[in-house]
Structures are given as C-alpha cells and as structure tokens.
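The exercises below ask the reader to work from enclosed space, through one helix, to charged side-chain pairs. Please try each task on the displayed structure before reading its solution.

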Amino acid sequence: MTSASASLSYVGCNFLRQRLVLSTLSGRPVKIRKIRAKEENPGLRDFEANFIRLIDKITNGSRIEINQTGTTLYYQPGLLYGGSLEHDCSPNRSIGYYLESLLCLAPFMKHPIRIVLRGATNDQVDPTVDCLKATALPLLKRFGIDGEELELKIVRRGMPPKGGGEVIFSCPVKKALMPIQYIDPGKIKRIRGVAYSVRVSPQIANRIVDSARSILNKFLPDIYIHTDHMKGTSSGKSPGFGLTLVAETTNGTFLSAELASSPQGQGPAVLPEDLAINCAKLLLEEIHRGGCVDSTNQSLVLLLMTLGQQDVSKVLLGPLSPYTIEFLRHLRSYFQVMFKIESKPSGEERKGGDKVLMTCVGIGFSNLSKTVK
C-alpha cells in the first residue's frame, strides 16, 4: 500500500469503476486519458462524476484531478475511511451501479460503513438492489464478512427516470479474509423472488407472479414470489414494475435473474405477463450457465479471492462474462495476481454449460486502515 508505487495509465471510459476501485485497494495512482475524446459531448458523464464524488467521500486524503473538458482523470487514492455517510446517486444510473463498487471496498474501511444512498433502486441496466441483497451478501459471508452490521435495507423504492428511492447499506470491517474452496454448486432446491410495483395498480404484481409461476412450476414445486407494492412516499417519483428471481441450491449458491419495465416515456411498453415469462427464462438460462456464483457477482468473488490470506482459493464459475475477463486483466496489473483457469466441459452427468475452475493464491491483503485495539 505504498503511495510511491508506479501509477497506471489507461485510455477511454470503459471499466472506469473497476480501475478506481482497484486503485483504491492497491494504493496505486491511476491516470485515465481520452475519455470519450472524439464524441460530440466529450468527457466524463454525470453518473461517472457522481461515482468519483462517492469514492472521495468514503476515502480520506484522495487526490482527484480532472481537466477542463473532463477527458483526463488523475486519481491518487487515499485511505478508506468509512463511517456514517449519505449520497445522492445520479438519476441516470441506478443505486446498484454504486453498490457494486461499495461491496468491494466496504470490508476494508477504517470504520464500519453505514451509508444512505438515494436514487433509482431498480432499472434495466444495472443489478438492482434486490438482486445484490439476495446474491452478493451471502457471498461476502463466505469470506467471513458477516455479523449483524452486514445489511442492505430498502427504505423506499424508486424507478427511473426520476428515482426517489432510498437504501441503507452497512458492512463491518475485516482485518483479513478467509480463503474459500467453493467448487460444488449443489442442486437447485427452491426459487424465491420479489415482484414489485410502484405508482401502478397493485394487481400488476399479482399478474407477474402468476405468469412467472406458470413456467417455473414445471420444474420445481418450492417457489415463493413475494409481492411488494409500496404506496405514498415510499414509492418514489416514477411509475414502474419488475421482477427479481433467485434460485437457491442445496449448498447455498444463489443464482439470480431480473427484469424491470421501461422508464416512463422511454422505450416500448411491456406487459407484466411478458416481463415475467422473459425473466423466468433468464433465470433458467442462468441456472444452465451454472457455477457457484452468478454472472453478476463473478468479479466480486475473484477480487475477494485475490485479497484473501496467502492460501489457495478455488471457485467454480459458469462462462466468464466480458466484464469479468477485463477484470482479471486489471487484477494482474494492480496486484500481479494470475489465476489458473481450467475449463470443465459439461459431461453427460454434469448438466448445463461449460464451467471454469478459477484458482489463485491470495496476496494476504491486510486492512491497514483498521486500527488494532
């Protein structure tokens, strides 16, 4: 974590969050040039600038320099501080965009973080708060990050474009992470879900549940989809509805799929029945891809394995997403960690898509910000 370590240089706006998060954890400064330099509207977008402000809030002593056009960003990370915070997220991206990065950083703060995030809780682009609550939190617990402080609570729901939602995320700090051997996903034993609707008829959530069950009941009897209809001030500022489904296995693996309606006045209107059927099919596809971690959280599990104690960690994943592949390249740049990747073709007895066994030795990352009592 020496500040004198060599800075890294990148070109373009892709994977901005990955680069800033890994820079913060490794202590290596990063310079990103030519951010949308050739576009009519060059430079950082509103939601990216908002994300940089959030990083600035949770760290102490970070140095951030952005040129006038917003096309060059220099970031020298400070120490992760944490504490009690509030942040208004950009309406252009949902709270999940910010939460994904917070989940990576929260265990390594100086003080346990408790942050109130305001904005859109569910949209069509980023993982929704429901999905991260159901899949990412159990994943953190496998690495020994648990306790009553680990919580993600939806106070108000908000749909794009106006948002108006609010969530509270709190996470304890850890001195070191446990290594994991997570290579048997188990068999699907139950499916849980949330059908939510805000500022529309409560009947829509029931229609979603009936349609989703019409497909999933052919495979499994233990299905419970909870309807969540928030009223008044809890329902945000824009109408919308959606569905999050989570399949749980006998070994405590969670695989998720989700869909949300188009924002008001944008895109084609979608029927609740169609949305539910498509979401159920997406879940079946995610189950087919398989692995011990769903495609949303692949990068999170690989990061926590990298930062674990100096011991071997293994995890079985489904096909790697393009985002995860780039993340592996970044892990090599920032931490000099290389994963051993073994492909496990799906044989006769192993149903589903081809799997990948990821193995690495942790770097023994110690939380230097945490004071020893």
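## Cavities, a buried helix and salt bridges

The model used here is predicted.

**Exercise 1.** Determine which classes of residue line the largest cavity, how much space it holds, and which elements contribute to its lining.

*Solution.* Begin with the composition of the lining, which has eight nonpolar, five polar and two charged residues. These belong to a cavity with a volume of about 170 Å³, and a search of the whole structure finds three cavities of 30 Å³ or more. Next, locate the centre: of the 15 lining residues, Glu 100, Ser 101, Cys 104, Ser 299 and Tyr 323 lie nearest to it. Then assign the lining to elements, where helices H1 (16-26), H3 (95-105), H7 (298-306) and H8 (322-335) each give two or more residues. Among the contributors, H3 gives the most, with four residues.

**Exercise 2.** Describe the second largest cavity by volume, by the element with the largest share of its lining, and by residue class.

*Solution.* The volume comes first: about 70 Å³ of space lies in this second largest cavity. Its lining includes Thr 135, Pro 138, Leu 139 and Arg 142, and also Tyr 182, Phe 254 and Asp 294. Helix H4 (residues 129-142) supplies the largest share of this lining, namely four residues. Sorted by class, the lining residues of the second largest cavity are six nonpolar, four polar and two charged.

**Exercise 3.** Decide whether helix H1 is largely enclosed by the rest of the structure or not, and give the reason.

*Solution.* The test is the burial of each residue, for which the cut-off is a relative accessible area under 20%. In H1, 11 of the 11 residues are buried, so the helix is largely enclosed by the rest of the structure. The buried residues include Leu 16, Leu 20, Val 21 and Leu 25, and also Arg 17 and Arg 19. Just after H1, Gly 27 takes a positive phi of about 80°.

**Exercise 4.** Find the salt-bridge partner of Arg 17, and state whether each member of the pair is buried or exposed.

*Solution.* Arg 17 pairs with Glu 100, and their closest N and O atoms are 3.1 Å apart. The pair links distant parts of the chain, with Arg 17 in helix H1 and Glu 100 in helix H3, 83 residues apart. Arg 17 has a relative accessible area of 10% and is therefore buried, while Glu 100, at 17%, is buried as well. Glu 100 is also one of the residues that lie nearest the centre of the largest cavity.

**Exercise 5.** Examine the salt bridge between Glu 248 and Arg 190, and explain why it ties together separate parts of the sequence.

*Solution.* The two side chains meet at 2.8 Å, N to O. Because Glu 248 lies in strand S14 (residues 240-249) and Arg 190 in strand S12 (residues 188-198), the pair ties together parts that are 58 residues apart in sequence. As for accessibility, Glu 248 counts as buried at 14% relative accessibility, whereas Arg 190 counts as partly exposed at 27%.

**Exercise 6.** State how many salt bridges a search of the whole structure finds, and which residues are linked in a network.

*Solution.* The search finds 17 salt bridges. A network of salt bridges links Glu 86, Asp 88, Arg 118, Arg 156 and Glu 166. Another salt bridge joins Arg 45 to Glu 39, with the closest N and O atoms 2.9 Å apart; Glu 39 counts as partly exposed, at 42% relative accessibility.

How values were computed:
Residues numbered from 1 in each chain as written. Heavy atoms only, no water. 1 Å grid on protein atoms, 1.4 Å probe; cavity = no way out; pocket = protein on both sides within 12 Å on 5 of 7 lines; lining within 4 Å. Points joined across faces, edges and corners; volume = space filled by probe spheres on them. Nonpolar A, V, L, I, M, F, W, Y, C, P; charged D, E, K, R; others polar. Buried < 20%, exposed > 50% of the residue type's maximum accessible area, 1.4 Å probe, protein only. Salt bridge = Lys/Arg side-chain N within 4 Å of Asp/Glu carboxyl O.
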